[in-house]
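Please open the model in your viewer and keep the sequence beside it. The stops below say what to select next and what is there.

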Amino acid sequence: MTIRRDEALRTLVPFVRDDDIVVAVYQTNFDWMGINPRPLNYVAVGAMGQAASHGLGLALANPERRVFVFDGDGSLLMNLGALVTVAGAGVTNFYHFVFANRVYEVNGDQPIPNAENVDFAGFAAAAGYAMSHSFDELEEFASAVPRILEHAGPQMVSLETRPGEPYPRNYAYIHSAEARKTFEDALNGRE
Amino acid sequence: MAEATPAGTPGQAAHPSGARIIELLKESGVGEVVALPDIVTSDGLLWPISRDPALRLTRVCKEDEGVSICAAMSCNGTRAVLLMQQTGLMDSLNAIRAIGIDYQRPVVMMVGLLEKEPHLPASKSAAYGVRIVEPVLRAMGISHSPIEEPEDVESIVHLIDEAYAGSRPHVFLIGRAPVAP
């Protein structure tokens with residue numbers, strides 16, 4: 001079974017507070033920007049695979065805020081060591097969601113290596129995350145979210161997903177100085 | 001302190017002080033160090049940093065993680081330095097290009113030059129991996145400066161301030177192993 005990605009993101013909307021930071025990548029980022037545009041969406045990841053590392057820097061520098069990372073499976077595979085680094089850093093304000101569609105969706109839907117067998121929650125557990133979860137059914141995920149967020153991080157939530165409503169791929173915005181300024185202004189109370 | 005010898009002459013070159021580098025990092029407002037081990041800086045810099053309660057050390061698995069961590073920290077003005085060796089710098093060029101240059105983030109890096117001869121400038125090194133570092137940084141338009149002689153460290157505060165004021169990367173190239181305190 002799989003969860004529609006837009007439905008998984010809509011499920012998370014009520015749980016993301018105004019002062020939370022969200023770091024999202026690729027199609028998940030485009031979908032999230034369409035579903036929940038907000039100034040503390042950090043869209044300037046730059047290089048593929050770096051979402052968790054940006055999230056870690058934000059979590060360390062802003063311990064009073066929760067940081068949500070909405071990662072891709074192909075992206076995370078490029079930076080698996082980041083799981084170990086995050087766990088080692090002991091960031092309790094770090095919530096790592098992997099939207100596992102098992103393909104490089106924005107790069108022609110090519111499959112990730114060993115697509116059928118990779119266990120992202122297993123990776124995180126082995127790396128030392130405080131808790132690790134996998135879901136492939138929306139209702140089960142939705143009912144678990146409050147309980148997950150009651151616990152300290154770092155936590156991994158791996159979601160088996162498929163594309164939902166297609167949101168536009170606004171690369172110009174995510175790479176823009178405007179996007180970075182919007183985030184930094186909100187982070188530093190300059191709104 | 002050992003006497004410096006004429007350039008190009010093997011001998012007992014003077015080495016920078018690790019304690020002074022750490023002192024100047026703190027003076028620069030740096031409270032965060034992100035690092036992978038590097039044999040050039042291990043004894044004189046990274047081990048002392050790891051024992052210094054005024055600096056938080058985050059050990060990473062790969063250098064491009066550090067580029068992202070330092071960049072993200074800078075969003076609220078938190079100052080950080082990434083320690084690595086030049087092999088890691090080469091491995092991180094895409095992240096530095098995207099995050100440091102395209103996104104104009106202040107990522108400050110201290111890079112140990114593995115296999116560089118202490119008495120030679122990097123451009124004269126027998127090691128290809130050392131010789132190409134400065135040309136690559138020039139090609140990418142990345143500000144960089146050497147830390148070879150003991151007095152070179154005195155530019156650290158100014159150059160870190162400039163990197164953060166200009167929101168751009170800077171690379172310190174450490175060509176002689178800092179002396180442990």
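Is R10(A) buried, exposed or partly exposed? Select R10(A), which sits in helix α1 of chain A, and count around the residue: R10(A) has 18 C-beta neighbours inside 10 Å and therefore counts as partly exposed. (A residue is buried if 20 or more other C-beta atoms lie within 10 Å of its own, exposed if 12 or fewer, and partly exposed in between, with C-beta atoms placed from the backbone.) Add I35(A) to the selection, and the two C-alpha atoms are separated by 7.0 Å although the residues are 25 apart along the chain.

Before going further, note that this is a predicted model, in which local features need pLDDT of at least 70 and side-chain atom pairs count only at pLDDT 80 or more, while totals for chains, interfaces and linings use all residues. Residues are numbered from 1 along each chain as its sequence is written, and chains are lettered from A in the order in which they are written.

Next, select helix α1 (residues 5-12) of chain A together with helix α7 (residues 138-150) of chain A, whose axes come within 10 Å and cross at roughly 20°. The two helices are therefore roughly parallel to each other, a term for angles under 35 degrees. Their contact is made by E7(A), A8(A), T11(A) and L12(A) of α1(A) and by L138(A), F141(A), A142(A) and V145(A) of α7(A), where contact requires C-beta atoms, placed from the backbone, within 7 Å.

Move on to S53(A), found in helix α3 of chain A, which counts as buried because 33 C-beta neighbours lie inside 10 Å. S53(A) touches N79(A) and A82(A), and also E65(B), S68(B) and I69(B) of chain B, not counting residues up to four places away in sequence.

That leads to the contact between the chains, which takes 22 residues from chain B and 25 residues from chain A. On the side of chain B that touches chain A, β2 (56-59), α3 (63-73) and α5 (93-102) each supply at least two residues, and α3(B) gives the most, with eight residues.

Finally, select V23(A), which is among the residues with the most contacts inside the largest nonpolar core, a set of 110 residues. (Such a core consists of buried Ala, Val, Leu, Ile, Met, Phe, Trp, Tyr and Cys residues joined through C-beta atoms within 7 Å.) Helix α3 (residues 51-61) of chain A gives the most to this core, with seven residues.

Technical notes: Two residues are in contact if their C-beta atoms, placed from the backbone, lie within 7 Å. Helices (H or I, at least four residues) and strands (E, at least two) are DSSP runs, numbered from the N terminus. Axes are lines fitted to C-alpha atoms, for helices over the stretch in contact, and angles run from 0 to 180 degrees between N-to-C directions. Angles under 35 degrees count as roughly parallel, over 145 as roughly antiparallel, 65 to 115 as roughly perpendicular and the rest as oblique.
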